[in-house]
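Reader: I should like to learn how to read several geometric features of a protein model. May we take them one at a time, beginning with the backbone?

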Amino acid sequence: MRIGTFVLAAQFPGQGPGEALHRAVRSAEAAEESGLDSVWLAEHHFVPYGVCPSATTLAALLLGRTRRIRVGTAVSVLPNHHPVALGEQAALLHLTSGGRFSLGVGRGGPWVDLEVFGGGLDAYENGFPEALELLLDWLREPRVAGRGERFGFREVAVVPRADELLDGAAGAAGTSGPEVIVACTSPKSVRLAAGRALPMLLGMHCGDEEKAEMVALWRTAAREAGHPPEVVEGAAHVSAGVAQIADGPGDATETLVKTMPGWLRQGLDAHVTVDARHRVMRDPVAYTELLCALHPVGPPQLAADRLAATAERTGITRFALLVEGSGDLAETEENVRRLGADVLPLLT
């Protein structure tokens with residue numbers, strides 16, 4: 001079982017972005033100190049839901065401050081980036097960290113980001129497969145040309161090469177370049193990831209049954225794409241969730257129900273669509289209660305049991321757990337410490 005943290009750099013009501021980012025950095029450092037496996041960093045723009053606009057930049061900082069833990073993006077929003085520029089950053093972080101970087105990518109949403117960064121709505125609705133293919137080429141080939149509808153350019157040399165890591169170190173999947181993982185929210189994205197044998201990141205709003213169905217679909221699609229059994233069965237998918245550890249049966253839930261709805265209301269309501277399409281925001285209290293019911297929120301034994309149940313039902317043994325739900329620095333650090341000290345030993 002590989003337990004990691006999921007860092008949004010959430011800006012709670014009454015806080016500034018500097019406070020949110022400081023808590024994000026400290027929680028990641030605490031994760032290494034507590035023996036956790038990984039830290040996953042989210043990218044958001046123009047909203048207090050998360051105030052980290054560049055997951056790769058924050059990953060670089062954390063890789064420099066740590067020595068053992070894996071640091072990944074969850075995710076870098078591909079329509080907001082040129083795939084070559086993102087591939088160059090991923091190769092740089094992979095090489096300079098000794099293979100401790102994972103690049104998670106996703107399609108994002110129909111937000112105003114697409115207007116600001118120039119990708120446009122088509123990059124979100126249709127351009128993700130082409131961008132992903134170009135990104136993978138950059139991480140795997142010595143020379144690359146852009147020959148798609150959106151990205152067209154002459155062949156150029158890939159510098160630095162992501163597969164030139166010294167001392168034989170490798171990415172999380174045993175490859176010579178950085179691990180690439182894809183956020184999947186639909187059958188279409190599951191099939192896209194499976195066709196390239198890329199592991200999935202599955203969202204914290206999904207329960208075990210839905211995640212199990214997505215893993216089953218991924219395996220079917222991967223086999224149909226011709227990938228060998230050991231690749232299909234060995235895919236290291238990641239399950240996102242929420243973790244809050246407390247001694248009393250209801251104490252952890254009470255903490256999150258007091259704090260998270262205000263952040264969710266403020267953060268999610270700030271999203272602006274690029275084309276004025278109608279959207280319905282989740283009820284923040286009901287959503288918080290759902291997350292508490294789905295994930296390791298409660299005493300250590302309950303938390304361990306829920307993680308074990310998810311692993312048994314879905315086959316997923318890697319977790320990215322949101323630990324900053326209290327909105328408080330000291331409580332977040334203690335939450336991370338208890339994950340390592342009180343929950344992790346129950347899973348090994």
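Author: Let us begin with a term: helices and strands are DSSP runs, numbered from the N terminus, with at least four residues for a helix and at least two for a strand. On that basis Val75 has its place in the loop between β3 (70–73) and β4 (76–77). Please note that this is a predicted model.

Reader: What is the peptide bond from Ala74 to Val75, cis or trans?

Author: As a general idea, most peptide bonds are trans. The bond from Ala74 to Val75 is cis, with omega near 5°. A cis peptide bond also joins Val159 and Pro160, where omega is about -5°. Pro160 belongs to the loop between β7 (152–157) and β8.

Reader: Which sign does phi take at Ala9, positive or negative?

Author: Most residues other than glycine have a negative phi. Ala9 is not a glycine, yet its phi is positive, at about 55°. This residue, Ala9, is found in the loop between β1 (2–7) and α1.

Reader: I turn now to helix packing. At what angle do helix α1 and helix α2 pack, and how far apart are their axes?

Author: Two packed helices are described by the angle between their axes and the distance between the axes. Helix α1 (residues 17–33) and helix α2 (residues 55–65) pack at an angle of about 40°, and their axes are 10 Å apart. That angle makes α1 oblique to α2. Their crossing is right-handed.

Reader: Which residues make the contact between α1 and α2?

Author: From α1 come Val25, Ala28 and Glu29, and from α2 come Leu58, Leu61, Leu62 and Arg65. By class, the residues of this contact are five nonpolar, no polar and two charged.

Reader: How is α1 oriented with respect to α13, roughly parallel or roughly antiparallel?

Author: The axes of α1 and helix α13 (residues 329–343) come within 9 Å and cross at roughly 20°. Angles under 35 degrees count as roughly parallel, and α1 and α13 are therefore roughly parallel to each other. The crossing of α1 and α13 is right-handed. In this contact α1 contributes His22, Arg23, Arg26, Ser27, Ala30 and Ala31, while α13 contributes Leu329, Thr332, Glu333 and Val336. These residues divide into four nonpolar, three polar and three charged.

Reader: Let us proceed to empty space. How many cavities of 30 Å³ or more are there, and which residues line the largest cavity?

Author: The count comes to one cavity of 30 Å³ or more. About 50 Å³ of space lies in the largest cavity. Its lining includes Lys211, Ser239, His295, Arg306 and Phe319. At least two lining residues come from each of β10 (238–242), α12 (300–314) and β13 (318–322). The classes in this lining are six nonpolar, four polar and two charged.

Reader: What volume has the largest pocket, and which element gives the most to its lining?

Author: The largest pocket has a volume of about 1500 Å³. It is lined by 50 residues, of which Gly108, Gly109, Trp111, Thr185 and His205 lie nearest its centre. Among the elements that give two or more residues to this lining are α4 (113–116), α6 (128–140), β8 (179–184) and β9 (200–202). Helix α7 gives the most, with three residues. By class, the lining of the largest pocket has 26 nonpolar, 16 polar and eight charged residues.

Terms used
Residues numbered from 1 in each chain as written. Predicted model: local features only at pLDDT ≥ 70, side-chain atom pairs only at ≥ 80, totals over all residues. Heavy atoms only, no water. Axes fitted to C-alpha atoms, helices over the stretch in contact; angles between N-to-C directions. Parallel < 35°, antiparallel > 145°, perpendicular 65-115°, else oblique. Left-handed = near helix turned anticlockwise from the far one by under 90°. Contact = heavy atoms within 4.5 Å. Nonpolar A, V, L, I, M, F, W, Y, C, P; charged D, E, K, R; others polar. 1 Å grid on protein atoms, 1.4 Å probe; cavity = no way out; pocket = protein on both sides within 12 Å on 5 of 7 lines; lining within 4 Å. Points joined across faces, edges and corners; volume = space filled by probe spheres on them.
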